[in-house]
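Got your viewer open and ready? Let's take a walk through this model, one selection at a time.

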Amino acid sequence: MATQRDGFPERDTHPEGSPGDHRQTIRRSLRWKLGIGAMLVSTFPLLLTGLLLLDINRRALVTENRTLRLAVADDVARTVTDTLTSIRDDLTALTLVLTRTDLPHESRITLALALVGSSAWIDHVAIYDYNGTLI
């Protein structure tokens with residue numbers, strides 16, 4: 001007995017235990033199984049892709065971190081080398097002034113004090129004579 005509602009015929013309803021009811025149960029379980037299967041088939045590749053992308057990003061971060069640390073270490077090494085070279089040059093000039101024998105002693109000390117005052121890296125220098133006395 002089919003009745004019409006809203007212009008569409010209703011499906012025939014079978015009493016419980018009839019063959020039509022059994023087909024509906026089989027269809028629902030088959031649809032449910034297909035849905036679960038499709039979900040599993042699509043979930044595992046997505047999960048695998050996500051894990052692979054996480055690993056690639058982790059490797060990229062490690063590489064970038066290592067590159068940054070090497071760049072900082074290189075910059076520090078260059079700065080220290082430049083500073084030590086400048087200090088060596090200032091001390092060499094000071095040594096050359098103090099060891100000049102053609103200048104009087106007072107002139108050498110005055111020039112040495114002027115070199116120390118003009119140096120960006122040397123704050124003070126202690127000058128001793130041959131006997132170990134502070135000049």
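Start by selecting Asp55, Arg58 and Arg59, because these three residues are tied together in a network of salt bridges, where a side-chain nitrogen of Lys or Arg sits within 4 Å of a carboxyl oxygen of Asp or Glu. Keep in mind as you click around that this is a predicted model.

Zoom in on one pair from that network. Asp55 makes a salt bridge with Arg59, and their closest N and O atoms are 3.0 Å apart. Both residues belong to helix H1, which covers residues 19-98. They are 4 residues apart, about one turn of the helix. How exposed are the two partners? Asp55 is partly exposed, with a relative accessible area of 25%, while Arg59 counts as exposed at 52% relative accessibility.

Next, slide along H1 and select Asp75 and Arg78. Here is another salt bridge, with the closest N and O atoms 3.5 Å apart. These two residues are 3 residues apart in helix H1, so about one helical turn separates them. Turn on the surface and check both ends: Arg78 is partly exposed at 43% relative accessibility, and Asp75 is partly exposed too, with a relative accessible area of 41%.

Now pick Arg100 and Asp102. This pair forms a salt bridge whose closest N and O atoms are 2.8 Å apart. Arg100 counts as partly exposed, at 38% relative accessibility, whereas Asp102 counts as exposed, at 55%. How many salt bridges does the structure hold? There are 5, and the Arg100 pair you have just seen is one of them.

Time to look at a serine. Select Ser119, which lies in the segment after helix H2 (105-118). Is Ser119 buried or exposed? Its relative accessibility is 13%, and the cut-off for buried is under 20%, so Ser119 counts as buried. Show its side chain together with that of Asp90, and you'll find a polar contact of 2.6 Å joining the two. Then add Ile122 to the selection: its backbone nitrogen lies 3.1 Å from a polar atom of the Ser119 side chain.

Keep Ile122 on screen, since your next stop includes it. Select Leu94, Ile109, Ala112, Val116, Ile122 and Ile127: these 6 residues make up the largest nonpolar core. Which helix gives the most to this core? That would be H2, with 3 residues. Colour Leu94 separately and look at what surrounds it. Leaving aside residues up to four places away in sequence, Leu94 touches Ala112, Leu115, Val116 and Val125. Of these neighbours, Ala112 and Val116 are listed in the core as well.

Finally, zoom out and switch to a cartoon view. You should be able to pick out 2 helices and 2 strands. Follow the chain along its sequence and the pattern reads β-β-α-α. Of the protein's 135 residues, 9% count as buried. Put the surface back on for one more look: the protein exposes about 11800 Å², and carbon and sulfur atoms supply 63% of that area. If your viewer can draw contacts, consider those with a separation of 6 or more: residues 24 or more positions apart account for 28% of them.

How values were computed: Residues numbered from 1 in each chain as written. Predicted model: local features only at pLDDT ≥ 70, side-chain atom pairs only at ≥ 80, totals over all residues. Heavy atoms only, no water. Buried < 20%, exposed > 50% of the residue type's maximum accessible area, 1.4 Å probe, protein only. Polar contact = N/O pair within 3.5 Å; in protein donor to acceptor, adjacent residues only side chain to side chain. Contact = heavy atoms within 4.5 Å. Areas by Shrake-Rupley, 256 points an atom, 1.4 Å probe, with all protein chains shown as cover. Core = buried A, V, L, I, M, F, W, Y, C linked by side-chain atoms within 4.5 Å.
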